[in-house]
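Here is a briefing on one protein chain. Take a look at the structure, then work through the points by topic.

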Amino acid sequence: LYTCEAEENGLTGKDTTSLTVTVQEKLVFVILPRDVEVPLGAAATFHCQGKGSPGPTSLRWEFNGAAPPHTHEYTNSIINTASYKIPKATRSERNGNVTCIISSPENLLPMVTATATITLKEEGPPIVTATRKNITANEGYSVDLICVAENVGIDVNWRWFFKGALLTQTDDYRITVDKNLVRIRALRGADQGLYTCEAEENG
């Protein structure tokens, strides 16, 4: 608050008036989202926070220039640090851009944006292994055949083969096929042989 006063020499009268000077601070980022590099299937997290005078009135996120997918998690806090999380990075998100947008309509700079990129570490081709290589069981018992895959995302197609032929679930559910698991109930001699599992990542 500034006040000025005027008084004429030789007279008793005087007058004053006041004026206020407001200094605005342009919107700036206190915390910028940073580029990250993560293995396939790992989580990627970004952070963002801004300040200014007048301060931020809204904060929103975009992924590749559009609204975030429903599988992504994020907060839009303008008081605390906002966060954006990709719980499990897939190949479809490779080199994806995460953008933080902060707005304040009354500010000299009403909007600022910052973008970071997610990069996936190259970890080689998919690797499929069986949890147990050789299984011995008595006739009439049940067994589980399980395979696991490395260097793949979460969207994987599994196929099983028995003696080279595609294995499918039987009508009586004695043999069931559920992704990376085959369960054989009431073992028979005809069930003896080589089983092979195959994993293929979609996309």
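L187 is in contact with A137, N138, E139, G140, Y141, V143 and R174, leaving aside its neighbours within four places in sequence. Keep in mind that this is a predicted model. The chain has zero helices and 17 strands.

**L187 and the second core**

- L187 lies in a loop, and that loop runs between β16 (181-184) and β17.
- Is L187 buried or exposed? L187 is buried, because its relative accessible area is 12% and buried means under 20%.
- One of its contacts, A137, sits 50 residues away in sequence. In space, the C-alpha atoms of L187 and A137 are 8.0 Å apart.

**The chain as a whole**

- The chain has 203 residues, and buried residues make up 30% of them.
- Take the contacts between residues at least 6 apart in sequence: 57% of these join residues at least 24 apart.

**The nonpolar cores**

- In soluble globular proteins, nonpolar side chains tend to be buried together.
- How many residues does the largest nonpolar core have? The largest nonpolar core has 23 residues. Those with the most contacts inside it are F46, W61, I102 and I118.
- Several strands give two or more residues to this core: β3 (25-31), β4 (36-39), β5 (44-53), β6 (58-63), β8 (82-86), β9 (96-103) and β10 (111-121).
- Which strand gives the most to this core? The answer is β10, with five residues.
- I102 touches residues from several parts of the sequence, among them L27, F29, C48, L59 and V112. I102 also touches Q49, G50, P56, S58, P110 and M111. Residues up to four places away in sequence are not counted here.
- There is also a second, separate core of twelve residues. This second core includes L145, L167, L187 and Y195.

**F63 in strand β6**

- F63 has its place in strand β6.
- F63 counts as buried, because its relative accessibility is 8% and the cut-off for buried is under 20%.
- F63 and N97 are 34 residues apart in sequence. Their C-alpha atoms are 5.7 Å apart in space.
- N97 is among the contacts of F63, along with G96 and V98. The other contacts of F63 are P68, P69, H72, Y84, I86 and E93, leaving aside neighbours within four places in sequence.

**Q24 and N107: two loops in contact**

- N107 has its place in the loop between β9 and β10. Q24 has its place in the loop between β2 (14-19) and β3.
- How far apart are the C-alpha atoms of Q24 and N107? They are separated by 7.2 Å, although the two residues are 83 residues apart along the chain.
- N107 is buried, because its relative accessible area is 5% and buried means under 20%.
- Q24 is partly exposed, with a relative accessible area of 29%. That value falls between the 20% and 50% cut-offs, so Q24 counts as neither buried nor exposed.
- The side chain of N107 reaches the backbone oxygen of P54 at 2.9 Å.
- Beyond its neighbours within four places in sequence, N107 is in contact with Q24, E25, K26, L27, G52, S53 and P54.
- With the same neighbours left aside, Q24 is in contact with S53, P54, E106, N107 and L108.

**T90 in its loop**

- T90 has its place in the loop between β8 and β9.
- T90 is buried, with a relative accessible area of 16%.
- Which residue's side chain does the side chain of T90 join in a polar contact? It is S92, at 2.8 Å.

**The largest pocket**

- The largest pocket has a volume of about 640 Å³.
- This pocket is lined by 29 residues, and the closest to its centre are K133, I135, L145, G193 and Y195.
- L145 and Y195 appear again here: they line the pocket and belong to the second core.
- The elements that give two or more residues to the lining are β11 (127-130), β12 (143-150) and β17 (195-201).
- Which element gives the largest share of the lining? The largest share, five residues, comes from β12.
- The lining residues divide into 14 nonpolar, nine polar and six charged.

Definitions and conventions:
Residues are numbered from 1 along each chain as its sequence is written. This is a predicted model: local features need pLDDT of at least 70, side-chain atom pairs count only at pLDDT 80 or more; totals for chains, interfaces and linings use all residues. Side-chain values use heavy atoms; hydrogens and water are left out. A nonpolar core is a set of buried Ala, Val, Leu, Ile, Met, Phe, Trp, Tyr and Cys residues joined through side-chain atoms within 4.5 Å. Buried means under 20% relative accessible area, exposed over 50%, partly exposed in between (1.4 Å probe, protein chains only). Helices (H or I, at least four residues) and strands (E, at least two) are DSSP runs, numbered from the N terminus. Contact means heavy atoms within 4.5 Å. A polar contact is a pair of N or O atoms within 3.5 Å; within protein, one must be able to donate a hydrogen and the other to accept it, and residues adjacent in sequence count only if both atoms are side-chain atoms. On a 1 Å grid over the protein atoms alone, a cavity is a set of points where a 1.4 Å probe fits but cannot get out, and a pocket is an open set with protein on both sides within 12 Å along at least five of seven lines; lining residues have an atom within 4 Å of a point. Grid points are joined across faces, edges and corners, and a volume is the space filled by probe spheres set on the points. Ala, Val, Leu, Ile, Met, Phe, Trp, Tyr, Cys and Pro count as nonpolar, Asp, Glu, Lys and Arg as charged, and the others, Gly among them, as polar.
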